[in-house]
Amino acid sequence: MTRVLVVEDDPQLVRALVINMEVRRYGVDAAPDGATALRLAAARRPDVVLLDLGLPDMDGVDVIRALRGWTRVPILVLSARQASDEKVAALDAGADDYITKPFSMDELLARLRAAARRTEGVPPAPETVLVVTEEFTVDLVAKKATRAGRDIHLTPTEWHLLEILVSHPGRLITHRQLLEEVWGVSRSNKTNYLRVYVAQLRRKLEADPSHPRHLITEAGMGYRFEN
Ligand code: CA
């Protein structure tokens with residue numbers, strides 16, 4: 001069963017969404033504000049998050065940022081706001097898709113199915129939990145990186161990027177794959193994000209960041225991790 005977390009402060013809309021989804025055998029949890037949403041997301045591990053941007057306690061974009069600190073769950077943003085910079089902010093923060101109110105229930109359900117399908121392509125949990133190189137160690141379960149016995153502090157975005165690369169040693173991960181996984185954007189005009197974040201990771205992890213031995217650039221294509 002696909003679990004959906006509905007984050008919306010309009011009780012009538014929540015009721016309509018819950019009825020329509022439960023009839024189609026979705027499991028639904030509802031949160032009326034951002035704080036409840038973050039708590040429920042951690043406790044219930046939904047397959048898709050349906051998120052209203054205008055919440056009583058916090059900006060929906062901040063909810064997206066908080067979720068993206070630890071999960072790749074598809075986020076479908078729901079908003080009455082027409083302004084396109086809001087959409088861009090939501091997508092930049094890591095939302096996957098955007099639907100403007102008022103919407104038809106059929107369209108919403110179609111987008112929801114598409115979002116749920118996307119998670120099916122995400123590779124399974126890595127069999128290797130500890131990735132060891134001569135210079136640094138990454139513990140994928142404890143979510144910790146250490147270098148010369150010392151914990152390295154990584155931001156959620158840096159961690160997410162590192163996690164993807166070290167989970168696929170020796171394999172080229174394309175710019176597009178990384179942008180989709182980490183930022184939820186399919187546009188590949190954001191490769192400068194990747195350059196910045198990979199440079200930060202190298203500074204923190206590589207012995208000689210200007211001659212990286214583990215976080216390798218494949219010019220024009222993407223990045224590759226070598227043990
Ligand atoms: Ca609202």
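Select helix α3, residues 60–68, where Gly60, Val61, Val63, Ile64, Leu67 and Arg68 are buried (under 20% relative accessible area, with exposed being over 50% and partly exposed in between, for a 1.4 Å probe and protein chains only). Helices are DSSP runs of H or I with at least four residues, strands are runs of E with at least two, and both are numbered from the N terminus. The model is predicted: local features need pLDDT of at least 70, side-chain atom pairs count only at pLDDT 80 or more, and totals for chains, interfaces and linings use all residues. Residues are numbered from 1 along each chain as its sequence is written, and side-chain values use heavy atoms, without hydrogens and water.

Turn the view to look down the axis of α3: its buried residues fall within an arc of 155 degrees, so they line one face of the helix (the arc is that of the directions from the helix axis to the C-beta atoms). An α-helix has 3.6 residues a turn, so residues three or four places apart point the same way.

Next, display what covers these buried residues: the cover includes α2, β3, β4, α4 (84–92), α6 (156–166) and α7 (175–183), where contact means heavy atoms within 4.5 Å. At the N-terminal end of α3, select Asp59, which caps the helix with a side-chain oxygen 2.9 Å from the backbone nitrogen of Val61.

Move to the open sheet of 5 strands, whose order is β2-β1-β3-β4-β5 with parallel pairing (strands pair if DSSP finds at least two bridges between them). Its edge strands, β2 (27–31) and β5 (97–100), each pair on one side only. Select β1 (residues 3–7), which is joined to β2 by 5 bridges; Val6 has Ala30 of β2 as its bridge partner.

Then add helix α1 (residues 11–23), which lies across β1, β2, β3 (48–52) and β4 (75–79) and runs at about 170 degrees to β2. Axes here are lines fitted to C-alpha atoms, for helices over the stretch in contact, and angles run from 0 to 180 degrees between N-to-C directions.

The last stop is the open sheet of 4 strands, β6-β7-β8-β9, with antiparallel pairing. Its edges are β6 (130–132) and β9 (150–152), each pairing on one side only. Select β7 (residues 136–139) and β8 (residues 144–147), which are joined by 4 bridges; the bridge partner of Asp139 in β8 is Lys144. Helix α6 packs on this sheet, touching β6, β7 and β8, at about 95 degrees to β7. Finally, select α8 (residues 191–205), which lies across β7, β8 and β9 at about 50 degrees to β8.

How values were computed. A polar contact is a pair of N or O atoms within 3.5 Å; within protein, one must be able to donate a hydrogen and the other to accept it, and residues adjacent in sequence count only if both atoms are side-chain atoms.
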